[in-house]
Amino acid sequence: MTRGILIAGNESTLSAAIAAEAGKRAEHFCAAFIPNHLPYPVEYQQTTSAANRQGLVPLAWNPGSPVSARTLTLAAENHLGQITEAILVCTPPAVRKNAADLNPANIEIIVNDYIKGWFFLVKELAAVFKARKAGVLALVLADTSGGGGRDDPDLIGPSVSASFHAFAQALMASSQNEPYDVYGVAVPMGDDANAGAFVFKVIEEGRNAGKWHKFGSRLPFLGR
């Protein structure tokens, strides 16, 4: 069976590494990467150079829109024939600003791009996999806690990480009896190339669906 791989997530070196691995496994794959929409630099989201990945078909996605989530899913199916694997990649941004420096527009961007969008997209993907009675959904979370030890705390990243982790945990628990597999994959920052290969290793081995798979021995934000 031809693999239909969809990658979606915020723009990061980890997303690019996963895209590079997808290019080794499928002639074509689809990806929707969200650039940084905040009006200031965000740590951990460097240029991915994902646009030139071999076989990549770039798709548009507005995470804050349920209509866009449906459009993205349909577009991926049109390009791929079917989606067999969907990989959602969250690299929590480090925003070292005081709360008073965040205006309402900044907060709306953060909620849409890093929290709300996952719910809309998973809803559409779950419907596709349930109707087909097959599919793989992998939620990949990067651990950015290694950037600590600074005097200017990260205001946003820990909240984004906790939200994505809780969502993935609940999704795995609630999908035990579904006809598709859900995986949680946790990776540390700094070894993106090997982490990208690890994500596909988890999917291809097809073991322990509904559980977290940790790349590396020290991931403090995961308690189970």
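The exercises below walk through a predicted model, each with a worked solution.

Residues are numbered from 1 along each chain as its sequence is written. In this predicted model, local features need pLDDT of at least 70, side-chain atom pairs count only at pLDDT 80 or more, and totals for chains, interfaces and linings use all residues, while side-chain values use heavy atoms, with hydrogens and water left out.

**Exercise 1. Find where the pLDDT is below 50, after looking up the average for the protein.**

Step 1. Recall that pLDDT is the predictor's confidence in each residue, from 0 to 100. The protein averages 87, and 86% of the residues score at least 70.

Step 2. The stretch to flag is residues 219-224, with pLDDT below 50. Beyond near neighbours in sequence, this stretch has 18 contacts in the model (contact means heavy atoms within 4.5 Å). Where pLDDT is low, the predicted coordinates should not be read in detail.

**Exercise 2. Work out the strand order of the sheet and say which strands stand at the edges.**

Step 1. Start with the parts list: five helices and seven strands. Helices (H or I, at least four residues) and strands (E, at least two) are DSSP runs, numbered from the N terminus. Along the sequence they follow the pattern β-α-β-β-α-β-α-β-α-β-α-β.

Step 2. The seven strands form an open sheet in the order 3-2-1-4-5-6-7, with parallel pairing. Two strands pair if DSSP finds at least two bridges between them.

Step 3. Strand 3 (56-58) and strand 7 each have a single partner strand, so one side of each is left without a neighbour in the sheet. From one strand to the next, the twist averages 20°.

**Exercise 3. Trace the bridges from strand 1 through strand 4 and strand 5 to strand 6.**

Step 1. Strand 1 and strand 4 run parallel, joined by five bridges. Here Leu6 stands opposite Ala86 of strand 4.

Step 2. Ala86 also stands opposite Leu137 in strand 5. Strand 4 (residues 85-90) and strand 5 pair in the parallel sense over six bridges. Between these strands the chain passes through helix 3 (residues 104-132), in a right-handed β-α-β crossover: with the strands pointing away from the viewer, the path from the first strand over the helix to the second runs clockwise.

Step 3. Eight bridges join strand 5 to the parallel strand 6 (residues 181-188). Asp143 has Pro188 of strand 6 as its bridge partner.

**Exercise 4. Decide which faces of strand 5 are covered.**

Step 1. Buried means under 20% relative accessible area, exposed over 50%, and partly exposed in between (1.4 Å probe, protein chains only). In strand 5 (residues 136-143), eight of its eight residues are buried.

Step 2. In a regular strand the side chains alternate between the two faces of the sheet. One side of strand 5 carries Val136, Ala138, Val140 and Ala142, and the other Leu137, Leu139, Leu141 and Asp143. Both faces are covered.

**Exercise 5. Check the length of helix 5 and list what covers its buried residues.**

Step 1. The expected span of a helix is 1.5 Å times one less than its number of residues. The 14 residues of helix 5 (residues 192-205) should span 20 Å, and its end C-alpha atoms are 20 Å apart, which agrees.

Step 2. The buried residues of helix 5 include Phe198, Val199, Phe200 and Ile203. Among the elements covering the buried residues are helix 1 (13-25), strand 5 and strand 6.

Step 3. After helix 5 comes Gly206, whose phi is positive, near 65°.

Conventions. Axes are lines fitted to C-alpha atoms, for helices over the stretch in contact, and angles run from 0 to 180 degrees between N-to-C directions.
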